[in-house]
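Dear colleague,

I am handing over the structure below, and I would be glad if you could look through it alongside the notes that follow.

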Amino acid sequence: MLVVGLTGGIGSGKSTASRLLRERGAVIVDADVAARKVVEPGGPAYQAVVDRFGPDILAPDGSIDRPALAAIVFTDPAARADLEAITHPAVGVLINEQLAAEAETDHVVVLDVPLLVESGQMAVAGVIVVDCPPEVAIRRLVEQRGMGEADARRRVAAQVSREERLAHADLVIDNAGSPEALDRQVDAAWAWIQGLRAAGEL
C-alpha cells in the first residue's frame, strides 16, 4: 500500500480531483464521507453532537440537518471547535480501519482529507494540494452549491490559509482553469504517484 495525501480548500475542486484519481485506479479514503457516517443516527458521534447542539439541528427524520449545523459552527469558532472535538476522534477511527484493510495490498490509497494540513497528520508518502485563488473558490460555492456570498467567504476564511496549505505540498494541482486542464494535471499527478511507488520498491 502506498498512501498519498490529498487536500485543498473548500471550492478548490478537491472532490473532483479525488474522483479522477479513483478513475485512474486509486482507492479513496474520504474523510468527508467518514464525517457524515459518524453523525448518522446510531453513529458513534451522533448523540454527543445532538447533546451539544440541541434538537434544533435535527431534521424531521431524526438525522442531523447538516446545513443547520453548519450555520452554527461557521459563525461561532467555539462551537466549531466543540464539533471537531466530538467528531474528529470518531472519524480517525473509521479512517484507520479503512487503511488497515488496505495495508497488505499493493494499492495506491489516496487519503482525501480537507484538514490534512490543520491536523498535522502527515504520515503519507507525499501530499497533493488542489489549489485555486480564493475568489475562484467563492464564485464556485455561490454558483455551484448555492451558498450566499457572505457564507462562502466565512467558510473560506475559517480554513488554514492558502499559503500555509501550499507550503505543505509535494505536488500542486492548479484548478483555476477548465475541467480539461484539471484532467491533464490529474494525469500528471497519477504519473508522479507511480514514481513514488517505483522509488519505494527500489
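**Aromatic rings**

In this predicted model, the count of aromatic pairs comes to 0, where two rings of Phe, Tyr or Trp would pair if their centres lay within 6.5 Å. A charged side chain does meet a ring, however, since R52 lies over the face of F53, at 4.4 Å from the ring centre.

**The sheet**

The strands form an open sheet of 5 strands with parallel pairing, and their order is β2-β3-β1-β4-β5. At the edges are β2 (27-30) and β5 (171-174), each of which pairs on one side only. Averaged over the sheet, and with direction ignored, neighbouring strands are turned by 25° against each other. Strand β1 (residues 2-8) runs parallel to strand β4 (residues 127-131), and 4 bridges join the two; within this pairing, T7 of β1 stands opposite V129 in β4.

**Helices on the sheet**

Helix α2 (residues 31-38) packs on the sheet, where it touches β2 and β3 (108-112), and its direction makes about 50° with that of β2. Helix α5 (residues 77-102) also packs on the sheet, touching β1, β2 and β3, but the direction of α5 makes about 165° with that of β2.

**Helices against each other**

Two packed helices are described by the angle between their axes and the distance between the axes, and both values are given here for each of two pairs that involve α5.

For helix α3 (residues 46-53) and α5, the axes come within 9 Å and cross at roughly 160°. Angles over 145 degrees count as roughly antiparallel, and therefore α3 is roughly antiparallel to α5. The crossing in which α3 passes α5 is right-handed. On the side of α3 the contact is made by A48, V49, R52 and F53, and on the side of α5 by A79, D82, L83, I86 and T87; R52 and F53, named above for the charge over the ring, are thus among the α3 residues in this contact.

For α2 and α5, the axes likewise come within 9 Å, and here they cross at roughly 115°, again with a right-handed crossing as α2 passes α5. In this contact A31, A34, A35, K37 and V38 of α2 meet T87, A90, V91, L94 and I95 of α5. T87 of α5 is therefore listed in the contact with α3 and also in the contact with α2.

With kind regards

Methods:
Residues numbered from 1 in each chain as written. Predicted model: local features only at pLDDT ≥ 70, side-chain atom pairs only at ≥ 80, totals over all residues. Heavy atoms only, no water. Phe/Tyr/Trp six-rings, centres within 6.5 Å; stacked < 30°, edge-to-face > 60°. Lys NZ or Arg CZ within 6 Å of the ring centre and 35° of its normal. Pairing = 2+ DSSP bridges. Axes fitted to C-alpha atoms, helices over the stretch in contact; angles between N-to-C directions. Contact = heavy atoms within 4.5 Å. Parallel < 35°, antiparallel > 145°, perpendicular 65-115°, else oblique. Left-handed = near helix turned anticlockwise from the far one by under 90°.
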